[in-house]
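This note is addressed to a colleague meeting the structure for the first time. Please read the numbered points beside the sequence and the model.

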Amino acid sequence: MSREQLVVQLARRSFQTGKTKPLEYRIHQLKSLLRFISERRKDIADAVKRDLGKSENGTELFETLGLEGEIKLAIEKLAEWAAPRPVEQNLLTILDEVYVQPEPLGVVLIIGAWNYPWAVTLQPLVGAIAAGNAAVIKPSEVSAHSAKVMEELLPQYLDKDLYPVVTGGVSETQELLKQRFDHIFYTGNCTVGKLVMEAAARHLTPVTLELGGKSPCYIDKNCDINVACRRITWGKFVNCGQTCIAPDFILCEPCIQSQVVEEIQKCIKEFYTDNPETFEDYGRIINQRHFKRLMALMEGSTVAVGGDSDESHCYIAPTVLKDVTGESKVMKEEIFGPLLPIITVSGIDEAIQFINEREKPLVIYIFSNDNKLIKRVIAETSSGALLANDCLVHFTVSALPFGGVEIPAARLRSRNWGHVLNPGGVGDPGTATWTPHL
């Protein structure tokens with residue numbers, strides 16, 4: 001019997017004792033997870049620094065702060081989430097008690113990703129614990145230092161039978177996928193996502209696949225281009241471009257292309273200095289395989305900004321590419337790195353057509369002062385989310401769904417850096433709008 005099979009069997013036996021059903025037990029485990037993040041902050045930051053070259057501040061902002069917020073939200077809302085929900089009765093049941101009772105699903109598998117090795121792996125764990133499930137945690141072997149710290153330290157805080165950490169590479173993951181789970185949560189690329197779904201189908205196991213894609217960013221020529229480029233520069237190059245919802249490419253009219261390049265160049269210098277390679281808050285590509293992949297993607301395009309690289313340190317400067325078409329090499333796959341292609345279009349009609357001819361993206365970004373234009377893009381395109389006049393920030397709103405088009409789309413609109421949130425109901429397929437402070 002393999003190690004992976006033993007781990008899953010032990011998790012299932014522990015789950016079947018019923019120890020996860022009391023809300024008090026779940027809250028205790030969530031508080032222990034919160035304590036883990038608080039007490040092991042330095043270990044987490046050191047591991048992420050070694051994996052991705054990310055600064056301690058960057059790890060705090062993009063890994064641990066969000067996790068702490070999710071845990072606190074789950075603790076606060078758990079009683080409400082777990083309570084029976086009465087449903088509408090009919091004539092036959094008018095005198096009966098009719099309700100939906102949430103209950104734990106069972107043993108789930110969480111396969112994490114390397115780009116945000118803590119947030120992307122442990123956020124699904126928060127939900128699994130809150131729902132009363134057992135969870136086998138498989139961190140990405142690509143972010144090896146984070147996986148090692150998780151394996152060594154997390155069992156010191158959580159029930160190690162119910163929430164085991166399994167490390168290893170492809171063979172270990174394949175062995176895990178041979179086991180029967182009650183749900184599988186995978187974050188990563190589409191190629192592996194297909195393998196996960198195929199393995200899950202053998203046991204009729206439901207899956208949640210959070211996969212990447214090419215998220216377009218349309219810049220209207222009449223918007224505030226300076227503000228647009230500041231936000232795009234931040235959203236694209238944070239974590240060295242290794243973010244699933246980063247703007248993948250820009251669509252704009254030829255008349256503003258030069259201004260867009262100039263403004264992004266200014267922002268890169270302001271954010272990362274004249275030499276991003278020596279700047280603490282600019283990270284590195286995860287490994288040399290991805291470094292070589294990204295360098296190859298630039299072939300056939302013109303470097304307008306950046307382009308510097310150092311293979312020995314997996315460094316690629318923030319780079320803007322022009323003379324890019326839909327047939328360019330850089331447009332054939334998700335970039336997942338600090339390369340920002342600009343494709344010129346005649347206007348919003350061609351931009352919408354360009355978007356709709358391709359796979360539905362995780363998110364569409366649009367920068368415009370024209371509400372009618374924004375509403376038209378919402379109406380005539382399909383994506384997991386649509387964010388107007390900002391980048392990435394929709395991920396921070398707990399009340400919004402997150403993911404591809406199979407999940408109700410999240411719509412956000414923002415006009416400046418300060419916002420008042422007006423969310424639709426949790427679980428609504430409707431929209432959420434961010435409006436400016438007056």
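1. The model, which is predicted, contains an open sheet of four strands in the order 4-3-5-6, with parallel pairing. Strand 4 (134-138) and strand 6 (207-211) form the edges, and each of them pairs on one side only. From one strand to the next, the twist averages 10°.

2. Helix 1 (residues 3-16) packs on this sheet, where it touches strand 3 and strand 4. The direction of helix 1 makes about 155° with that of strand 4.

3. Within the sheet, strand 3 (residues 107-111) and strand 5 (residues 183-188) run parallel and are joined by four bridges. One pairing may be located by residue: Leu109 has Ile184 of strand 5 as its bridge partner.

4. Ser301 deserves separate attention. Ser301 is found in the loop between helix 11 (288-297) and strand 9 (302-305). Its relative accessible area is 14%, under the 20% cut-off, and Ser301 is therefore classed as buried. Apart from neighbours within four places in sequence, Ser301 is in contact with Leu321, Lys322, Val324, Ser328 and Val330.

5. How many disulfides does the model hold? The count is zero, by the rule that the two cysteine sulfur atoms must lie within 2.5 Å. Cys240 is in no disulfide, as the nearest cysteine sulfur, that of Cys314, is 9.6 Å away. Cys314 is likewise in no disulfide, its nearest cysteine sulfur being that of Cys240.

6. Are these two cysteines buried or exposed? Cys240 counts as buried because its relative accessibility is 1%. Cys314, at 10% relative accessibility, also counts as buried.

Technical notes. Residues numbered from 1 in each chain as written. Predicted model: local features only at pLDDT ≥ 70, side-chain atom pairs only at ≥ 80, totals over all residues. Heavy atoms only, no water. Pairing = 2+ DSSP bridges. Helix = DSSP H or I, 4+ residues; strand = E, 2+ residues; numbered from the N terminus. Axes fitted to C-alpha atoms, helices over the stretch in contact; angles between N-to-C directions. Contact = heavy atoms within 4.5 Å. Buried < 20%, exposed > 50% of the residue type's maximum accessible area, 1.4 Å probe, protein only.
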